[in-house]
Amino acid sequence: YSPFTFHDPKDNALTGYDVEVVQAVAKELGVKAEFSETPFDAIFAGLEAKRFDVVANQVSITAERSAKYAFSTPYTVSTGVVVTRTDDASVRALADIKGKTSAQSVTSNFAKTATAAGAKIEAVEGFTQAIALLKQGRVDVTLNDDLAVLDYLKTTGDTAVKISARTEDRTTQALAFRKDSGLVAGVDTALASLRADGTLTAISQKWFGQDVSR
């Protein structure tokens, strides 16, 4: 799940934003992180079965999950953004997409946000296709999660598109534990130290080009 948890094609080592965050937390706690790679669909079952102690894989905090699991303080905050062509100065706020055509996966929350803002939807299969249509001038905008957009801009160096505005869509991601784990307080202290000394910011800058940890 690049850039969060994936194998580096150069040496096949497990790496990514989440991997580096949890390694930093472990170091702060004076322990070594051992990784258990698990399909996301089975990740909570593995946590409950005590196959591992913590899930570090961009788990969004929701009311339903909070009822079953304990969460650390968030280490990622993601917001929705409006992406336009770089030469388009007409969009400075979400309201500016009214009457424009937005490329979206029709079942996504961002399609709902775009529709509510008055945009017409051009159905696409995913972000890559949305960016292609935007660059071709076949749509005016696309809405997506800022983490996906920042990763795309950082890894491709594409200067033809830009983030022009933000939406009110916001999610926070945290480390997830069993309710009885007894680990949350120590991890929260470690995260606070890593936030204070700039470690989380540095890891964010490395992977996204800006601080997504707060």
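**Close-up 1. Helix α8 and the residue that follows it.** In this predicted model, helix α8 is followed by G209, a residue with a positive phi near 80 degrees. Within α8, which spans residues 199-208, the buried positions are L200, I203, S204, W207 and F208. These residues lie on the same side of α8, because they cover an arc of only 100 degrees around the axis. The elements that cover the buried residues of α8 include two strands, β1 (6-7) and β2 (14-15), together with the helices α1 (17-29), α6 (146-156) and α7 (184-196).

**Close-up 2. Helix α1, its buried residues and its end.** Helix α1 consists of 13 residues and reaches 19 Å from its first C-alpha to its last, which is close to the 18 Å expected at 1.5 Å a residue. Its buried residues are Y17, D18, V19, E20, V21, V22, A24, V25 and A26, a list in which the charged side chains D18 and E20 appear beside nonpolar ones such as V21 and V22. Among the elements that cover these buried residues are the strands β2, β3 (55-60) and β5 (76-85), as well as the helices α7 and α8. Just after α1 comes G30, which takes a positive phi of about 80 degrees.

**Close-up 3. The cis peptide bond before β1.** The peptide bond that joins S2 and P3 is cis, with an omega of about 5 degrees. P3 itself is found in the segment before β1.

**Close-up 4. Two residues other than glycine with positive phi.** K50, which is not a glycine, has a positive phi of about 65 degrees, and its place is in the loop between α2 (43-48) and β3. With a relative accessible area of 57%, K50 is exposed. Q58, likewise not a glycine, has a positive phi of about 50 degrees, but this residue lies in strand β3. At 10% relative accessibility, Q58 counts as buried, since the limit for that class is under 20%.

**Close-up 5. The largest pocket and its lining.** The largest pocket has a volume of about 730 Å³. It is lined by 31 residues, of which V22, E34, F35, V54 and A56 are the closest to its centre. Two or more lining residues come from each of β1, α1, β3, β9 (161-178) and α7, and α1 gives the most, with six residues. Sorted by class, the lining of the largest pocket comprises 20 nonpolar, six polar and five charged residues. V22, one of the residues closest to the centre of this pocket, is also one of the buried residues of α1.

**Close-up 6. The second largest pocket and its lining.** About 360 Å³ of space lies in the second largest pocket. Its lining is made of 14 residues, and those closest to the centre are Y1, S78, D145, L147 and Q173. At least two lining residues are supplied by each of β3, α6 and β9, with α6 giving the most, namely three residues. By class, the lining of the second largest pocket has five nonpolar, seven polar and two charged residues. The elements β3 and β9 therefore appear in the descriptions of both linings, since each of them gives two or more residues to the lining of the largest pocket and at least two to that of the second largest pocket.

Note on methods:
Residues are numbered from 1 along each chain as its sequence is written. This is a predicted model: local features need pLDDT of at least 70, side-chain atom pairs count only at pLDDT 80 or more; totals for chains, interfaces and linings use all residues. Side-chain values use heavy atoms; hydrogens and water are left out. Buried means under 20% relative accessible area, exposed over 50%, partly exposed in between (1.4 Å probe, protein chains only). Helices (H or I, at least four residues) and strands (E, at least two) are DSSP runs, numbered from the N terminus. The arc is that of the directions from the helix axis to the C-beta atoms. Contact means heavy atoms within 4.5 Å. The expected span of a helix is 1.5 Å times one less than its number of residues. On a 1 Å grid over the protein atoms alone, a cavity is a set of points where a 1.4 Å probe fits but cannot get out, and a pocket is an open set with protein on both sides within 12 Å along at least five of seven lines; lining residues have an atom within 4 Å of a point. Grid points are joined across faces, edges and corners, and a volume is the space filled by probe spheres set on the points.
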